Structures are given as C-alpha cells and as structure tokens.
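Me: I'm new to this one. Could you pick a single part and walk me through it closely, then show me what surrounds it?

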Number of protein chains: 2
Amino acid sequence: MAITIKDVAKQAEVSPATVSRVIADNPRISEKTKQKVRETMERLGYYPNFQARNLVAQKTRTIGIIMANSTTLAFQNPFFPEVLRGISVSAHHSQYGLYLSTGATEEEIYDEVVAMHQGKQVDGIILLYSRVGDRIMDYLMESGLPFSVVGRPHTNADAVSYVDNDNVGITKHVMSYLVGLGHKRIAFIAGGMDFVVSLDRLKGYEESLDESGITFDAQYIVNQDDMQKDGKQAIGRLFELAEPPTAIVTHDDLVAYEVIGYLEDLQIRVPEDVSIIGFNNHALSKHLKPPLCSVDICIYELGFEAANLLLEKITDEKAAPRQITVSSRLIERGSCQGR
Amino acid sequence: MAITIKDVAKQAEVSPATVSRVIADNPRISEKTKQKVRETMERLGYYPNFQARNLVAQKTRTIGIIMANSTTLAFQNPFFPEVLRGISVSAHHSQYGLYLSTGATEEEIYDEVVAMHQGKQVDGIILLYSRVGDRIMDYLMESGLPFSVVGRPHTNADAVSYVDNDNVGITKHVMSYLVGLGHKRIAFIAGGMDFVVSLDRLKGYEESLDESGITFDAQYIVNQDDMQKDGKQAIGRLFELAEPPTAIVTHDDLVAYEVIGYLEDLQIRVPEDVSIIGFNNHALSKHLKPPLCSVDICIYELGFEAANLLLEKITDEKAAPRQITVSSRLIERGSCQGR
DNA sequence: CTGAAAGCGCTTACAG
DNA sequence: CTGAAAGCGCTTACAG
C-alpha cells in the first residue's frame with residue numbers, strides 16, 4: 001500500500017529505527033544520515049501513519065467536542081459555529097485535531113463520550129454546555145480524562161476547568177439599565193432551565209429586582225417550553241396581564257427577533273411601548289429597525305479559552321483546575337427607551 | 001494502564017485471539033466460551049482500543065469534514081451547522097465519527113487534507129463547498145481517497161460524487177416569479193464569484209432575463225466584495241441609478257435582512273417600493289415584517305446526502321460517482337408584491 | 001552514532 | 001472450536 005518507514009529504511013540503507021529518529025529529529029543522528037534519509041523520504045513521498053504513531057505514543061492529538069443534542073433552534077443559533085471557531089483556532093495552533101460528537105439523544109452522546117475515552121480516540125474533551133445533573137459531566141469527573149466545559153458546572157465547579165461569563169452579574173447590569181430607564185415591569189424570556197446559564201441569569205434577574213425594591217412576579221417569566229410550543233401565545237399572554245411588561249429581556253437575539261414579530265402583530269411598538277434586549281449580539285442585530293440592544297458574551301473567546309484550558313490539562317497531567325471568566329457587555333441600541 | 005484484550009484473555013483462560021473473535025461475534029466460537037468471555041469483559045470493564053483496531057483494519061471509521069476558511073459572516077450563517085447536522089445524522093447512523101478541519105487559510109486547509117489522507121486519519125472526506133480552480137479538489141481527485149462534495153465541481157463534475165441544488169433552475173424560477181409580478185429591473189446581490197453556486201445562480205439570473213426579453217444590465221449586480229466593504233453604500237448606489245431596481249434577489253436571507261435595514265434608512269418601503277427575496281429560508285424569515293420571501297435549499301438534506309454518497313464510496317471501492325440534486329423551492333411571503 | 005528487538009493493542013490467516 | 005504466530009506501522013529502551 002502506502003510507503004512505510006520500512007520502505008524508506010531499505011532505500012536509504014539504514015534501519016527503521018534510524019528513520020524514526022530522523023522524523024523525530026533526534027540529535028544523536030548524524031547530519032549526514034539525516035540528509036540521506038530525508039532525501040529518500042522526499043523521493044518516495046513518505047508520510048507518517050498517525051494511527052501507528054498514536055498507538056505507541058498512547059495519545060491522539062485530538063480533542064473531542066460534545067455538543068448538546070441539537071434542537072432545531074439551537075442549531076440555527078450562531079453560538080455553536082462561533083464557539084467552534086474559537087476552539088478551532090486554539091486547537092490548530094497547538095496542532096490538535098477536532099473530533100465531533102454526532103449523537104442525537106443524551107443516551108447516544110453518553111455512549112460516544114465513553115467510546116472517545118475508553119476507545120482512546122481523543123486526548124481530552126470539551127463539553128459545550130453545562131446542565132443540571134448531567135450524567136456526562138459526572139462520567140467525565142470520574143474518568144480521569146482531561147476535559148473543560150463552556151459554562152459553570154452546577155456542582156463541584158472548583159474541581160473543573162471551565163470558562164463562563166459572569167451571567168449573574170451581566171444580567172443584573174442589564175436589569176439595572178432597564179430600571180434606570182424607568183422600567184418596573186420587566187418580562188424575562190428564559191432559556192432551558194436545565195442549563196446552568198439560564199439559572200444564573202434568572203438569579204441575576206431576581207437579585208436585581210430585589211435590590212431595586214421591585215417585587216418578583218412569576219407571571220413575567222416565560223419559559224423555554226412555552227416559547228417553543230407556541231411563542232405567539234406565550235407573548236400574547238404577557239400583554240393580557242392587568243399590568244403588562246414595559247420591557248422584555250430575552251436569552252437570545254434570535255428569540256428577540258421572533259418576539260418583535262409577535263409584538264408587531266399585537267400592534268405593540270418597540271421601543272415606544274416596550275423595550276427589548278437580547279443576548280449574543282447577533283451580526284444582524286445592529287441592522288434591525290430599531291437596532292436591537294444586546295449583550296455581547298464573546299462566544300469566540302469562550303471557545304478559545306475552553307480549548308486553552310483543556311490543552312493545559314492535557315499537557316500537564318497535574319495542572320490544577322482553572323476557571324476563566326470571559327467578559328460580557330451590554331451594547332445599548334435603539335430597542336430600549338426610557339419612560 | 002487500561003484493560004486490554006490480554007487481561008481479559010488471562011482472566012477468562014482463553015487466548016487473546018478468542019477474545020478478539022468474541023468481540024467480533026465470530027460464529028465459530030462456542031456459545032459457552034462467548035458467555036465466559038463476555039462475562040469477563042463485563043467484569044473487568046474491558047473496552048476495545050480503537051486505535052489498535054484501526055491500525056490493523058487499515059481504516060478509521062472517521063469522516064473528515066473540510067469547511068471553507070471562515071469569514072465572520074460565513075460562520076454566522078446557519079448553513080454550516082445545518083449541513084453538519086445532516087452529515088452528523090448519516091454518519092452516526094453508520095457509526096462513523098466526524099473529524100473537522102481547523103485551518104484558517106487555504107494553505108493550512110490543504111495541508112490538513114494531505115495529513116488526513118496520508119496520515120490515515122480518515123476514511124474519506126466531505127468538501128463543504130465547491131469553488132473554481134480549487135487545489136484541494138484537485139488533490140482529492142488525484143489522491144484516490146473517497147470524497148464527496150456539497151456543490152457541483154467546476155470541472156470534471158461527472159467523475160465526482162456530489163450533491164447540489166439545481167441552482168440555475170431555482171434562480172430562473174425566482175426570476176420568473178418576479179417577472180410575473182411585473183418586475184423588469186431586478187437587482188442581484190451575488191455571493192463570492194469563486195464559488196460555483198454563485199456562478200450558477202448568476203447564470204440562472206442571466207438566462208431568465210434573456211428568456212423574458214429583458215436586457216442584462218451589470219449595474220444591477222452587486223458583488224460580494226462591495227457588499228462586505230460597505231454594504232450600505234453598495235445598496236445606496238443601486239437607488240441612485242436613473243432607473244433603480246424594483247426587486248432585489250440576495251444570495252442569503254441574512255444579507256436580505258441587512259439590505260432591508262439599508263432600505264429603511266433610504267426610506268424605501270418593502271414591498272411597496274421594492275420586492276426582496278433571499279435564499280436559505282432562515283428560521284426567522286417568516287417572523288420578519290413583512291415576512292421574507294426565500295428559497296429553501298434543504299441544507300440538512302444536502303449534508304445528509306453528501307454523507308450518504310461518501311459512505312457509499314467508502315463501503316464500495318468501485319462504486320461509480322453519483323450526483324444527487326436536492327430539491328429547492330421558493331417560499332412566497334409578503335416581501336414581494338406585484339406592480 | 002546506529003541497529004536489533006520488543007512492544008503499543010489489536011486481527012486474521014494458518015494449523016490442528 | 002481454539003490457539004500460536006505474524007503483522008498493522010510506528011517508537012524506544014537497550015546494546016554496542
């Protein structure tokens with residue numbers, strides 16, 4: 001089949017061991033021999049077989065990436081490609097490859113993680129999400145396989161290397177911005193409550209109300225399920241309340257766009273009647289009319305740093321777990337107005 | 001380290017070869033022995049080492065995915081995650097893993113393709129794009145490595161397995177829809193002209209004009225560079241023409257959204273003054289005001305079928321190249337109006 | 001400075 | 001029905 005180290009050895013009239021050492025640029029090999037061997041490799045078009053090399057080296061130079069099972073909207077969401085781009089740059093820089101999970105259900109994904117680990121397919125894993133009571137996280141903790149997480153683990157966070165935004169803090173900032181504009185009835189369109197990021201943001205929401213002396217009212221919370229089942233109805237209900245909200249915070253710009261559509265149907269004007277803020281600062285948000293106020297959570301950096309953390313653990317077995325907080329900031333645009 | 005086939009063999013008091021055969025469920029092994037070995041594997045927590053297995057099997061059960069170097073907008077675009085989802089489902093079904101390119105420049109990507117092939121890291125490759133005079137495509141053609149392409153190759157298409165929409169046809173359909181509505185001056189916001197898909201759509205545009213007896217006017221064509229450099233100016237120029245367009249076809253919904261933003265700045269109403277159509281039928285397009293008319297190109301199917309084609313070639317060395325045309329359809333919505 | 005040998009963890013003809 | 005041996009393509013102590 002392909003040219004092996006043996007073929008090169010024979011042609012160059014040295015032993016396979018010597019060829020291997022030339023590839024590794026071992027200093028104990030004479031320059032003369034190196035020249036000869038390299039020339040032969042060149043001539044024969046030799047290329048090392050990574051599988052064989054990895055088998056003896058007991059490593060793969062590959063990172064496994066585990067993504068949550070893909071609901072349609074999650075996939076339309078630019079989070080995934082952007083975080084992947086960040087990971088990609090870091091991995092490529094350190095000459096690591098990327099291996100992707102393909103499972104659709106939690107069960108399948110779990111099996112893949114086990115296969116990646118036990119089957120020695122990857123040197124470490126990046127978990128692209130953090131959810132409450134996640135079997136996969138538990139498995140990783142016990143496995144001894146290096147891993148890092150995008151998002152704060154719900155339990156045992158100190159023992160894990162992860163990147164995250166200050167979700168409580170940024171949400172409080174968003175809220176105090178709205179309160180500062182004179183809003184008191186603020187609706188909150190939350191992400192899935194099994195995700196820690198959603199819990200943190202809800203916590204920020206509640207703490208902020210508390211500090212502003214506004215009573216929490218569960219009627220202003222719209223959960224993910226209601227939104228997905230019938231978004232139009234969920235938004236409609238908000239505005240049938242005796243005291244409808246004057247501002248809406250959504251967990252994602254795309255959701256904000258959708259909400260804006262429903263508001264137009266209801267003849268509710270943005271920002272005159274209702275202010276609205278999204279998260280993730282989608283590329284289009286600045287082009288909307290009015291431009292959408294949004295929180296930039298620096299998705300690229302989240303990916304980039306998650307990969308860095310993982311590579312740190314892979315390189316140094318006993319590196320202590322580290323946590324990185326990636327900055328986030330509110331971008332004020334026309335979709336919010338004082339009252 | 002980990003449990004190997006030898007450990008199992010020793011414990012079960014059989015030879016490693018027998019354990020291997022039990023794993024492969026070889027019918028020549030007695031049920032009794034199988035029971036005993038399986039029990040031991042279970043007890044010891046044995047898991048096969050894929051690297052070792054792949055080395056002897058001379059295959060990897062892994063598919064390499066090559067994406068074009070990621071300009072920011074390309075990554076915001078839902079095309080990538082959606083096509084990946086399609087690939088993912090097919091690959092997972094056949095128990096293949098996904099290995100992703102990480103290179104940023106064409107040079108880096110080329111090197112990765114060579115490494116994937118020569119280093120025996122993948123059994124085949126899916127090229128997620130087709131561009132004119134692409135070195136990577138040339139390399140793949142000569143390599144003998146199974147591959148498939150999303151998009152019609154610019155040359156030697158018959159020799160390649162690929163999936164594509166009928167881009168000429170669907171664009172003609174879009175155009176005749178607009179012409180049927182009474183439009184004669186139709187602008188065309190094109191994708192990058194190094195991509196075959198863009199060439200095909202432009203061809204459809206021109207052919208349609210021709211058939212409708214409308215003279216082609218290059219002033220109505222906005223190319224990718226102008227759009228990226230200063231989209232607002234590019235659109236502004238269209239409407240400074242003595243005869244400004246009454247309809248705009250854009251190569252992507254996100255670009256359409258952007259254009260709509262500029263039109264609002266120019267006090268040009270959609271659809272009253274100008275009709276607009278996008279491609280890719282983004283999840284949000286139906287929520288826009290007015291809802292955006294768009295072409296659904298079935299991105300998921302493109303990915304799914306590209307993976308199927310590749311797996312066909314991997315499984316059967318001498319499978320003839322096959323081409324699959326994935327359907328596409330115009331979804332009429334409020335952003336277009338007769339005149 | 002270089003080579004022969006053993007081994008990474010598996011599979012698969014070849015024997016019996 | 002099962003085992004001993006060779007081999008996938010590489011690396012790395014151990015000798016010399």
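Reply: Take β2(B), which is covered on both faces: G97(B) and Y99(B) on one side, and L98(B) and L100(B) on the other, are all buried (20 or more other C-beta atoms, placed from the backbone, within 10 Å of the residue's own). In a regular strand the side chains alternate between the two faces of the sheet. Strands here are DSSP runs of E, at least two residues long, and helices are runs of H or I of at least four, numbered from the N terminus.

This is a predicted model, so local features need pLDDT of at least 70 and side-chain atom pairs 80 or more, while totals for chains, interfaces and linings use all residues. Residues are numbered from 1 along each chain as written, with chains lettered from A and ligands numbered from 1 in written order.

Now the neighbours of β2(B). Strand β1 (residues 62-66) of chain B pairs with β2(B) in parallel over four bridges (pairing takes at least two DSSP bridges). Within that pair, G64(B) has Y99(B) as its bridge partner. Across the chains, β2(A) and β2(B) run antiparallel, joined by three bridges, and L98(A) sits opposite L100(B).

That pairing leads on to the chain contact, where each of chains A and B puts in 40 residues (C-beta atoms, placed from the backbone, within 7 Å). On chain A's side, β2 is among the elements giving two or more residues, along with α4, α5 (72-76), α6 (79-93) and α12 (253-265). The top contributor there is α6(A), with seven residues.

Key. Two residues are in contact if their C-beta atoms, placed from the backbone, lie within 7 Å. A residue is buried if 20 or more other C-beta atoms lie within 10 Å of its own, exposed if 12 or fewer, and partly exposed in between; C-beta atoms are placed from the backbone.
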